[in-house]
Amino acid sequence: MVQSKTWLSRSTDIGIYLFLTLVFCISLFPLWYTVALSFSDKSAANAGIVSLWPVGFNLSSYRIILEDHKFFSAFFVSVKRVVIGGAINLILTVLMAYPLARDRSMFPGRNMYMWFLVFCMLFSGGLIPLYMTIAELHMLDSIWALVLPGAVPIFNVILIMNFFRNLPKELEEAAIVDGSGPLHTLVRIFIPVSLPALATVTLFSIVGHWNAFFDGLIYMNKPDNYPLQTYIQQLVVRIDPELLSSLTTDQLIQLLKASDKTLNSAKLVVAMIPLLLIYPFLQKYFIHGIVLGSVKE
Amino acid sequence: MRSSKRIISYHLMLLPGMLILILFSIIPMFGVVIAFQDFIPGIPIFKQSWAGLDNFTFMFQLPDSRRIFLNTIIIASMKMIAGIIVPVTFALFLNEVRTRWFKRWVQTVVYLPHFISWVILSGIMVSMLSLDGIMNRMLSLFGVEPIMFLASNTWFRYIIVGSDIWKEFGFSAIVYLAALAGINPSLYEAAAIDGAGRYRQLRHVTLPGIISTVILLSTLSLGNILNAGFDQVFNLYNPLVYSTGDIIDTYVYRIGLVDGQYGLATAVGLLKSVIAIILIALSYKLAAKFANYRIF
């Protein structure tokens, strides 16, 4: 009886490990496959004989990218956007979270501001009115169209506000007794003790900026101003709808065969590299971030 | 005196953010009046002629409207249901693992796709699902004829739902793993003393331990029933699969920014927002009632 139970339990364990190994492979395979394609010989990739390892290993597609001026200018637009956008997001988050973390007795307007934030979070004018506002402000084709509309990450403000509220009240009281002003208290006391929480929300806003493609597509008229994701969306992913509907299936097959799989894969890999570089930090913080969201008074 | 000075600084600290929100959230909200106009691009908004509810009546007559609302709801519901079942199952499996390094490796890999953009993932999928891609090559080993997955109305919705689950199941499981880690170990000990085996521990300790989290997250996800995932669908769809894959957001983009029918596009967008807000309010109300949940 006891023996059969152990046997059952052990085979269950083996089943669990096998299942999770399968899940591991399914999660990793598409990314792995793309890397293998990017290092493969062009004809091998187009013939579809690449699977786990590069066939006819070579670096030619990466060499082409290195000489691709447009790719690098798009990469640079993205880097610029991440730096400016991430910095603005962080500054506005702490500047807004700190006063909102005060009690109503200390800051009478607090609840009014909170309702305003929730209102902005729930309601939006939609795509067309926002586009027209940006156009009216003459921000089309400028980097500000990519960073200013989302400059206040309301959800992050609420998260950090909750975090500030859970810090010991004595911190704030001691600062008031010492006669230090709000900005001084924020910079000298609150920011240093909340660095992990701030790192969490900043990493998320960096990833958001890096991954955004749609605002680049609609606000940038000149392809030179495209951020990297928009550039990739236009050149690698999108199939021209008019072309598609005018072709016969055979012609379409020819077109897809002619597309440069290795070069496209290499571009996708290069666009993923910055994310992979910050992934260890992300992994360190995001569990913390999710717990952060659930901490409430 | 001192405290009124503090209050002024508080207002000043909030000022820059408020200006941004007024400029990019509040002002565009007034732009929804376009939904009630015969909007012609190039003329100022207050000089446009009024159309009353014409845009809305026209929208309800369009055969497209029925299709896009149906597609949106079908895709979003499929994602919602699978988006609960798969992460919960995965979390339950992972929770049984005691080997630290194995657990860490699995977690590292399954969380990763969450952070990769749909643009990049679509690029990967287009190359994997094409006629000479690896998917069709594997199927051909079993004698299956090549399938144009992304141009097939039979497959499109499943591909959308499947790839969304592939991207997000690991990350969604974090919440459930946290809930599982929060179950008091003495409950398992007590159950073991009472003679409960592995399966009865699962049924009587583990499942009751996470059911409240599952209910909370399912309730909150109701607010997303009109969000079928613009970034994903936009990057994967094409005119051949409009009948099963065209959703409200992609439609608004096409008729608005591509075809220039601003009034109609804003009307469709407005209808969606109104329904979405009602649903969000409802789901938060339910969540507050059943799980005592509040955002602030």
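**Entry 1: A:Thr133**

I began with the side chain of A:Thr133 in this predicted model. That side chain reaches the backbone oxygen of A:Pro129, at a distance of 2.7 Å. I then looked up where A:Thr133 sits. Its place is helix α6 of chain A, which covers residues 127-136.

Is A:Thr133 buried or exposed? I found a relative accessible area of 10%. The limit for buried is under 20%, so A:Thr133 counts as buried.

Next I asked which residues A:Thr133 touches, leaving aside its neighbours within four places in sequence. I found B:Leu23, B:Ile27 and B:Pro28. These contacts lead to chain B, so I turned to the interface.

**Entry 2: where chain A meets chain B**

I looked up how many residues take part. Chain A gives 105 residues to the contact, and chain B gives 89. A:Tyr17, A:Leu20 and A:Ile128 supply 7% of the area that chain A buries against chain B. No other three residues supply more.

I also checked the total. About 8600 Å² is buried between the two chains. Carbon and sulfur atoms give 78% of that area.

**Entry 3: polar pairs and charges**

How many salt bridges are there between chain A and chain B? I counted two. I looked at the one between B:Arg198 and A:Asp13. Its closest N and O atoms are 2.9 Å apart.

I then went through the polar contacts across the interface. The rule finds 14 residue pairs, with both residues at pLDDT 80 or more.

Which element brings the largest share of the side of chain A that touches chain B? It is helix α1 of chain A, residues 2-38, with 20 residues. I sorted the residues of that side of chain A by type. I noted 77 nonpolar, 21 polar and seven charged.

**Entry 4: chain A as a whole**

I stepped back to chain A. It has 16 helices and zero strands. Of its 297 residues, 47% count as buried. Its accessible surface comes to about 14600 Å², and 68% of this belongs to carbon and sulfur atoms.

I also looked at contacts in chain A with a separation of 6 or more. Residues 24 or more positions apart account for 72% of them.

**Entry 5: B:Pro239**

Last, I visited chain B. B:Pro239 lies in the loop between α10 (230-236) and α11 (242-245). I found B:Pro239 partly exposed, with a relative accessible area of 28%. I compared its position with that of B:Leu177. The two are 62 residues apart in sequence. From C-alpha to C-alpha they are 41 Å apart in space.

Conventions:
Residues numbered from 1 in each chain as written. Chains lettered and ligands numbered in written order. Predicted model: local features only at pLDDT ≥ 70, side-chain atom pairs only at ≥ 80, totals over all residues. Heavy atoms only, no water. Helix = DSSP H or I, 4+ residues; strand = E, 2+ residues; numbered from the N terminus. Buried < 20%, exposed > 50% of the residue type's maximum accessible area, 1.4 Å probe, protein only. Polar contact = N/O pair within 3.5 Å; in protein donor to acceptor, adjacent residues only side chain to side chain. Contact = heavy atoms within 4.5 Å. Buried area = accessible area lost by both parts, 1.4 Å probe. Salt bridge = Lys/Arg side-chain N within 4 Å of Asp/Glu carboxyl O. Nonpolar A, V, L, I, M, F, W, Y, C, P; charged D, E, K, R; others polar. Areas by Shrake-Rupley, 256 points an atom, 1.4 Å probe, with all protein chains shown as cover.
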